[in-house]
Amino acid sequence: MFEIHNLKIKPQSEAFSHEFKKASTTVVLGRNNSGKTNLLRFIAGLSSPAKGILKLDEENITDRKAQNRSIALVLQHFVNYPNWNVKQNIISPLLQKGLSKQDQDRRAANIARRMGLGEFLDRMPNELSGGQQQRLAIARALAKEAQVLLLDEPFANLDYKLRELIALELQELLAEQGTIVIYATSSPREAFAMGDEVLLLANQQKIQAGPILDLYQKPTSKEAADLFSEPSVNLIPTSTGRSLPAQLTAVRPEHVRIASETTSSQETYFKFAVSATETTGDETILHGKVDGLDWVVRRPGMMSISAGETVSVSVHQRDLLLFQDMSL
């Protein structure tokens with residue numbers, strides 16, 4: 001188990017503690033400047049404004065130098081050794097471990113294959129694409145077989161399809177090694193794809209943590225709900241009577257339905273004035289207003305609804321999110 005205690009990402013931020021489980025991936029989810037990278041740099045032993053206590057298997061490692069921690073870090077802006085080929089880069093963390101050349105070669109070939117680099121062992125980094133170089137940086141971190149693996153937006157330079165493929169391969173490989181993985185991202189989609197648990201950060205502070213599905217279904221604040229929603233959640237108009245005086249009620253864009261799709265008596269209906277539409281091929285995204293409030297509706301498939309139309313939409317009672325209005 002890996003633990004952080006009384007950690008402040010910045011001197012003025014609120015301290016928090018958290019436990020990261022073995023053979024589990026915790027996604028640190030937050031927007032830009034939320035503190036994700038500073039947190040990971042502190043854990044890795046690199047320069048960071050963060051202060052706190054780090055424990056790995058109950059041993060205090062706070063003052064241990066970066067090279068003496070069983071922790072590997074892969075940053076979004078990756079670094080590979082330019083004068084070494086792919087194979088040499090991958091085995092570089094193994095050079096001080098006393099492994100035979102045969103064992104080094106075997107491990108390098110296995111990791112390269114799993115990361116989609118099996119055909120490129122003799123190539124130099126500058127002969128690889130940006131995505132391949134990022135995968136090489138991940139492969140080198142995996143070869144270290146550290147107890148804790150830190151990944152800071154590691155798939156930022158990969159296209160969507162390759163990102164999903166590598167994420168699946170990475171999950172299998174990490175499960176085999178029993179690694180504690182801390183994965184920082186701003187994408188809820190990646191959180192669902194990679195994570196067992198999630199730690200939500202905003203303004204350099206922890207705002208909620210727990211199993212992914214629990215946080216998605218039961219956010220404790222609008223801020224937490226927004227972090228797990230692309231785009232942000234829609235506020236329910238107070239005229240519906242769904243909110244008490246000191247509460248906010250909201251719904252995620254994917255939980256708003258076109259009225260013709262529903263038949264339940266537990267639906268609340270709204271008039272949605274559509275101002276813009278977009279499609280990704282497998283879903284339609286509608287932008288507009290309900291009672292003067294900005295709303296976004298996400299529906300699967302292609303829908304023949306145009307800007308300028310007003311359509312009836314509905315929200316089921318089970319999909320309502322209720323939390324305290326912190327502005328009151």
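**From a loop glycine to the sheet, the cores and the salt bridges**

At 40% relative accessibility, G118 counts as partly exposed, because that class runs between the 20% limit for buried and the 50% limit for exposed. The model in which G118 is seen here is a predicted one. G118 is found in the loop that connects α3 (101-114) with α4. Leaving out residues up to four places away in sequence, G118 touches A112 and R113. V86 is 32 residues from G118 along the chain, and the C-alpha atoms of the two are separated by 9.4 Å.

Another loop residue to look at is N80, placed between β6 (71-74) and α2 (86-91). Is N80 buried or exposed? Its relative accessibility is 12%, so N80 counts as buried. Apart from residues up to four places away in sequence, N80 touches N89, P125, Q133, L136, A137 and R140. Two of these neighbours also meet the side chain of N80 through polar atoms. With the side chain of R140, the side chain of N80 makes a polar contact of 2.7 Å. With A137, the partner is the backbone nitrogen, which lies 3.5 Å from a polar atom of the N80 side chain.

The next stop is a sheet. Four strands form an open sheet in the order β2-β1-β4-β5, and their pairing is antiparallel. β2 (16-20) and β5 stand at its edges with a single partner strand each, so one side of each has no neighbour in the sheet. β1 and β2 are joined by four bridges in the antiparallel sense, and I4 stands opposite H18 in β2. Strand β1 (residues 2-8) also pairs with β4, again antiparallel, over five bridges. Here F2 has L56 in β4 as its bridge partner.

L56 leads on to the next strand, since its bridge partner in β5 is E59. Strand β5 (residues 59-60) runs antiparallel to β4, and two bridges join them. Together β4 and β5 form a hairpin with two residues between the strands, and in the turn D57 has a positive phi of about 50°. Which side chains of β4 are buried? Along residues 51-56 the side chains alternate: G52, L54 and L56 point to one face and are buried, whereas K51, I53 and K55 point to the other face and are not.

Burial can be followed in a helix too. In helix α1 (residues 36-44), the buried residues are K36, L39, L40, F42, I43 and A44. An α-helix has 3.6 residues a turn, so residues three or four places apart point the same way. Just after α1 comes G45, with a positive phi of about 90°.

Buried nonpolar residues also gather into cores. The largest nonpolar core has 45 residues, and L142, F155 and F228 touch the most other members. Helix α4 (residues 130-143) gives the most to this core, namely seven residues. A second, separate core has 24 residues, among them F2, I61, I71 and L150. F2 is thus a member of this second core as well as the bridge partner of L56. Returning to F155, its contacts beyond four places in sequence are Q134, I138, R163, I166, A167, L170, Y183, E190 and M194.

The last topic is charge. How many salt bridges does a search of the whole structure find? The search finds 11. One of the pairs is R107 with E145, at 3.5 Å from N to O. This pair links distant parts of the chain, with R107 in helix α3 and E145 in the loop between α4 and β7 (148-152), 38 residues apart. E145 counts as partly exposed, at 41% relative accessibility.

R299 and E261 also meet in a salt bridge, at 3.1 Å from N to O. R299 lies in strand β16 (residues 293-300) and E261 in the loop between β13 (256-258) and β14 (267-279), so this pair ties together parts 38 residues apart in sequence. R299 counts as buried because its relative accessibility is 10%, while E261, at 40%, is partly exposed.

A salt bridge within a single helix is formed by D226 and K222, at 2.7 Å from N to O. Both lie in helix α8 (residues 222-227), four residues apart, which is about one turn of the helix. D226 is buried, at 9% relative accessibility, and K222 is partly exposed, at 25%. Finally, K87, K101 and D105 are linked in a network of salt bridges.

Technical notes. Residues are numbered from 1 along each chain as its sequence is written. This is a predicted model: local features need pLDDT of at least 70, side-chain atom pairs count only at pLDDT 80 or more; totals for chains, interfaces and linings use all residues. Side-chain values use heavy atoms; hydrogens and water are left out. Buried means under 20% relative accessible area, exposed over 50%, partly exposed in between (1.4 Å probe, protein chains only). A polar contact is a pair of N or O atoms within 3.5 Å; within protein, one must be able to donate a hydrogen and the other to accept it, and residues adjacent in sequence count only if both atoms are side-chain atoms. Contact means heavy atoms within 4.5 Å. Two strands pair if DSSP finds at least two bridges between them. A nonpolar core is a set of buried Ala, Val, Leu, Ile, Met, Phe, Trp, Tyr and Cys residues joined through side-chain atoms within 4.5 Å. A salt bridge is a side-chain nitrogen of Lys or Arg within 4 Å of a carboxyl oxygen of Asp or Glu.
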